[in-house]
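Thanks for coming, everyone. Please have the structure up on your screens, and let's walk through it together.

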Amino acid sequence: MAGFVYRYCVKQNHQQIKMDPSFRWEDETKASAAMTIPKDFRTFRIHNDTAGYRSGIETIALDDLNPGEVVIKTAYSSVNYKDALAGTGQGKILRTFPLVGGIDVAGHVVASTDKRFKEGDAVLVTGSGLSEARDGGYGDYARVESQWTIPLPTGLSLRDSMILGTAGFTAALALFRMIENRQTPSMGPLAVTGASGGVGSLAVDIFSRAGYEVHAISGKAEQAGYLKSIGASEVLGRDALATTRPMESTCFGGGLDNVGGTMLASLLAQTAPYGNVASAGLTASNALDTTVMPFIIRGVSLLGVASAGTARDIRDEVWRRLANDWRPAHLDRICTREATLDQLPEVFDAMLAGKSHGRTLVVL
Ligand SMILES: NC(=O)c1ccc[n+]([C@@H]2O[C@H](COP(=O)([O-])OP(=O)(O)OC[C@H]3O[C@@H](n4cnc5c(N)ncnc54)[C@H](OP(=O)(O)O)[C@@H]3O)[C@@H](O)[C@H]2O)c1
């Protein structure tokens, strides 16, 4: 593929690169100018072989990537907890090696064998096996499957879409599932655990945009102001969910749990009748020691949220909501850091040490 020339132009960070003299500024969703896919380009790649588990910057060619119908000149990716686990080897995320890291990517199409996508189209992919079973978004180019490629929804820029990324999609998917199961604002506030993190911050913003009162549960007392500024009406310490009795007084209409373990069990025990608790994460623990009491006495539902494998029709609907009535109002505040590929190792370490908050946008 190296040496192929495509008409292409990109508008990134309000700057344009590789300008074609015939180019006229249009919506970010379409772009055109002359671009050659270089013979080699930079990626952040993960290996696990006889030399051990390692990751870092590596120059590869397009045909080193897994096959796929759509080639993207990437603009942005993001850092999710799963990326940090994969990049450091602290979690078993990759099912094959080597792979380019990054579970999210957004950019412009430079080549497509699927006629639904044209050169210059702005697109995004989240989850869908990226950096798990196939090469991901941490590179100057990505080659992806068209079945999981989403046209950039009207109302979002490429940058917005990656501040959201898997984290925003997961928060919105949790709300989608809760509402499908009849959650309403009148049932009481929604609790969000791990609230200062990526999924947590976006859940606080999205849930409040959707009309719910949000109680943010966070171990970072110093981030209370931040959490209120993005939509939380109350900020509680983790000790609010430290109870271990099978049933407690009801404090929440439901919620989204990003941490697992005791806090999830306690949230179930404090949820109002027929409320929904969505389980998305395990930053504290993958264990759940609970009883059937909240389920059989109060009709509480525990809903699973698995963003990576979400069906295409639900995926499309969740992104449509994210670009419209659930569009977070504070994306710029939630994007607390921009990083390059070279800075990823330090971003991963800070995240796994619990020292980051909000979202890190990867600028490619
Ligand atoms: N199911 C899915 O589809 C899906 C999708 C995306 C992410 N996830 C999972 O969701 C979780 C959050 O992901 P993320 O990208 O938002 O990560 P993140 O940005 O690192 O946020 C995680 C947050 O969890 C809290 N936390 C960390 N260690 C904790 C501990 N020991 N006990 C209690 N709380 C702790 C912290 O919030 P506070 O300091 O504010 O308490 C931290 O900011 C991860 O487990 C991730 O794997 C799942």
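I'll start with the domains and the ligand, then go to the helices, and finish with some single residues.

One caution before anything else. This is a predicted model.

Domains. The assignment splits the protein chain into two: domain 1, residues 5-152 + 333-363, and domain 2, residues 166-308. Look at how domain 1 is written: its range comes in two pieces, 5-152 and 333-363. The two domains touch, with 13 residues from domain 1 and 17 residues from domain 2 in the contact. On the domain 1 side, that contact surface has 3 nonpolar, 6 polar and 4 charged residues. Centre to centre, by C-alpha atoms, domain 1 and domain 2 are 30 Å apart.

Now the ligand. Where does the ligand lie relative to the two domains? Both domain 1 and domain 2 give residues to the shell around the ligand, so it lies between them. That shell holds 31 residues. The closest are Gly 194, Ser 196, Gly 197, Ser 218 and Gly 281. Three helices each give two or more residues to the shell: H1, at 81-88, H2, at 158-180, and H3, at 198-209. What is the chemical make-up of the shell? By class, there are 16 polar residues, 12 nonpolar and 3 charged.

Stay with H2 for a moment. Its partner here is helix H7, residues 312-322, and the two axes come within 10 Å and cross at roughly 100°. A crossing between 65 and 115 degrees counts as roughly perpendicular, so that is the label for H2 and H7. Who makes the contact? From H2, it is Leu 164, Gly 168, Phe 169, Ala 172, Leu 173 and Phe 176. From H7, it is Val 318, Arg 321 and Leu 322. Check the spacing on H2: 164, 168, 169, 172, 173, 176. In general, an α-helix has 3.6 residues a turn, so residues three or four places apart point the same way. By class, the H2 and H7 contact has 7 nonpolar residues, 1 polar and 1 charged.

Next, helix H5, residues 261-269. Is H5 mostly covered or mostly open? Mostly covered: 7 of its 9 residues are buried. The buried ones are Met 263, Leu 264, Ala 265, Ser 266, Leu 267, Leu 268 and Ala 269. What lies over them? The cover includes strands E13 at 190-193, E16 at 252-257, E17 at 271-279 and E18 at 301-304, plus helix H6 at 293-298.

On to single residues. Three of them first, for burial.

Cys 335 sits in strand E19, residues 335-339. Is Cys 335 buried or exposed? Buried, because it has 20 other C-beta atoms within 10 Å, and the cut-off for buried is 20 or more. Outside its close sequence neighbours, Cys 335 is in contact with Ile 163, Gly 358, Arg 359 and Leu 361.

Asn 181 is in the loop between H2 and E13. It is partly exposed, with 14 other C-beta atoms within 10 Å. Beyond its neighbours within four places in sequence, Asn 181 is in contact with Asn 276, Ser 301 and Leu 303. Now compare positions along the chain: Asn 181 and Pro 153 are 28 residues apart in sequence, and their C-alpha atoms are 26 Å apart in space.

Lys 115 is in the loop between strands E9, 104-112, and E10, 122-126. Lys 115 counts as exposed because it has 8 C-beta neighbours inside 10 Å. Glu 69 is 46 residues away along the chain, yet the C-alpha atoms of Lys 115 and Glu 69 are separated by 9.6 Å.

Last item: backbone geometry. As background, most residues other than glycine have a negative phi, and most peptide bonds are trans. Which bond here is cis? The one from Phe 97 to Pro 98, with omega near -10°. Pro 98 is in the loop between H1 and strand E8, 99-100.

Then two serines. Ser 128 has a positive phi, near 60°. Ser 131 has one too, about 55°. Ser 128 is in the loop between E10 and strand E11, 141-144, and Ser 131 lies in the loop between E10 and E11 as well. Ser 128 counts as buried with 24 C-beta neighbours inside 10 Å. Ser 131 counts as buried with 28.

That's the tour. Questions are welcome.

Terms used. Residues are numbered from 1 along each chain as its sequence is written. This is a predicted model: local features need pLDDT of at least 70, side-chain atom pairs count only at pLDDT 80 or more; totals for chains, interfaces and linings use all residues. Helices (H or I, at least four residues) and strands (E, at least two) are DSSP runs, numbered from the N terminus. A residue is buried if 20 or more other C-beta atoms lie within 10 Å of its own, exposed if 12 or fewer, and partly exposed in between; C-beta atoms are placed from the backbone. A residue is near a molecule or strand if its C-beta atom, placed from the backbone, lies within 6 Å of it. Ala, Val, Leu, Ile, Met, Phe, Trp, Tyr, Cys and Pro count as nonpolar, Asp, Glu, Lys and Arg as charged, and the others, Gly among them, as polar. Domain bounds come from an automatic or database domain assignment. Two residues are in contact if their C-beta atoms, placed from the backbone, lie within 7 Å. Axes are lines fitted to C-alpha atoms, for helices over the stretch in contact, and angles run from 0 to 180 degrees between N-to-C directions. Angles under 35 degrees count as roughly parallel, over 145 as roughly antiparallel, 65 to 115 as roughly perpendicular and the rest as oblique.
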